[in-house]
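Colleague: I am new to this, so could you walk me through the charged pairs here?
Modeller: Gladly, let us put the structure up and take them step by step.

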Amino acid sequence: MGKKTQHCLLLLLYLSGLVHCSAAFVFWTAMVEISYVNNNNETVEKYCECGVYGRNSPLEKVSGVVVVPKGDPKGCGPDPVYNRNFSSPPWIALVKRGNCTFSEKINAAKRQGAAGVVVYNEDGKGNTTTHMAHSDAAGIVAIMIGNTQGMEVVKLVKNGTDVNMAIELGSPHGPWMDTYWLYFLSIAFFIVTAASIAYFVFISANRLYNLNMHRRTERKLKSEAKKAIGRLQVRTLKRDDEETTSDSHMCAVCIESYKAGEVVTVLTCDHIFHKACIEPWLLERRTCPMCKCDILKALGVEEETKESISTDSPPDVTVITVAGGDTLYEVPLTDPVSPDPERHQHRYDNRAYEEDLEATRG
Ligand SMILES: [Zn+2]
Ligand SMILES: [Zn+2]
């Protein structure tokens, strides 16, 4: 046998187990019809879906005259005596719940020749029923009805009335109809919903927090950039300036040549741009468009901010040194104002650039 076939068989067994298991939860109601002739010689017929087939009962219909046991209404013991008319089979035994097992009652009535057994509930149970388990008494229709209905029929039979009963299959009911099952489903639904809402709230709060932090950082960087822009050299170009006379000079932002009378900003790296072009750029990026020089660092604005932060809470710093023992650069491990890695990158780029400059200067 191949491994695949074995797996298929196991799956089938598992599924059949599930079906069997769910079948144990499903119960069938019984339609119960009683008819008798009352004192006024009128035929009375009553019909209700008020019975429940026992777990081990065949789901078949049965009818006959209702007979109750003599003496003990519970029909226990090996041979309970039934007040029955031998000339008119079939008959249905009507017994009360209690004293012995369902199987014992049903088997005793079966031995006496009953076509079916109706067990009615104990006193004080109203019209409630249970799903009887009677594994030792299969092969005979057995249903359970409520105490009120059972007592009503018992009273008629004891008064000498011939009561005919017909039992038919009603409808299936599963765990979905059960109150406890409904409670369980409601609680499970509530828990899942609450967990989903909590998760959603947590995610939203986290996003809001991150967004807030990002905005705060952006605002801080912008105000730093504004401060730095205020410190940059600004001049108005004249007719005989080198920038206006030579075509090789042009603003790298708008790609246009300079004209006399235009206002330009000189960055710390000595690169020149139109004031109107470079200011929005610096507010967003804080670096020279041509050489990536970080103006915040070059003007010491970032250091000022860092110092003001370090007085509040000194950040952890990892010092990286080169073989000569000189500090190469300091990496703040927790930088509360600049979680943006791009910003660190600029600083390092700039450091590298500055060192390159120093190297070229000799
Ligand atoms: Zn320009
Ligand atoms: Zn530059």
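What follows is a short conversation about salt bridges.

Modeller: A note before we begin: this is a predicted model, where local features need pLDDT of at least 70, side-chain atom pairs count only at pLDDT 80 or more, and totals for chains, interfaces and linings use all residues. Residues are numbered from 1 along each chain as its sequence is written, chains are lettered from A and ligands numbered from 1 in the order in which they are written, and side-chain values use heavy atoms, leaving out hydrogens and water.

Colleague: How many salt bridges does a search of the whole structure find?
Modeller: A salt bridge is a side-chain nitrogen of Lys or Arg within 4 Å of a carboxyl oxygen of Asp or Glu. Searching the whole structure with that rule gives seven.

Colleague: How many residues apart in sequence are the parts that Asp123 and Lys96 tie together?
Modeller: Asp123 and Lys96 form a salt bridge, with their closest N and O atoms 2.8 Å apart. Asp123 sits in the loop between strands S5 (116-120) and S6 (141-145), while Lys96 belongs to strand S4 (residues 91-96), so the pair links parts separated in sequence by 27 residues. Strands are DSSP runs (E, at least two residues), numbered from the N terminus.

Colleague: Is Glu243, the salt-bridge partner of Arg235, buried or exposed?
Modeller: Buried means under 20% relative accessible area, exposed over 50%, and partly exposed in between (1.4 Å probe, protein chains only). Arg235, at 25%, is partly exposed. With a relative accessible area of 10%, Glu243 is buried.

Terms used:
Helices (H or I, at least four residues) and strands (E, at least two) are DSSP runs, numbered from the N terminus.
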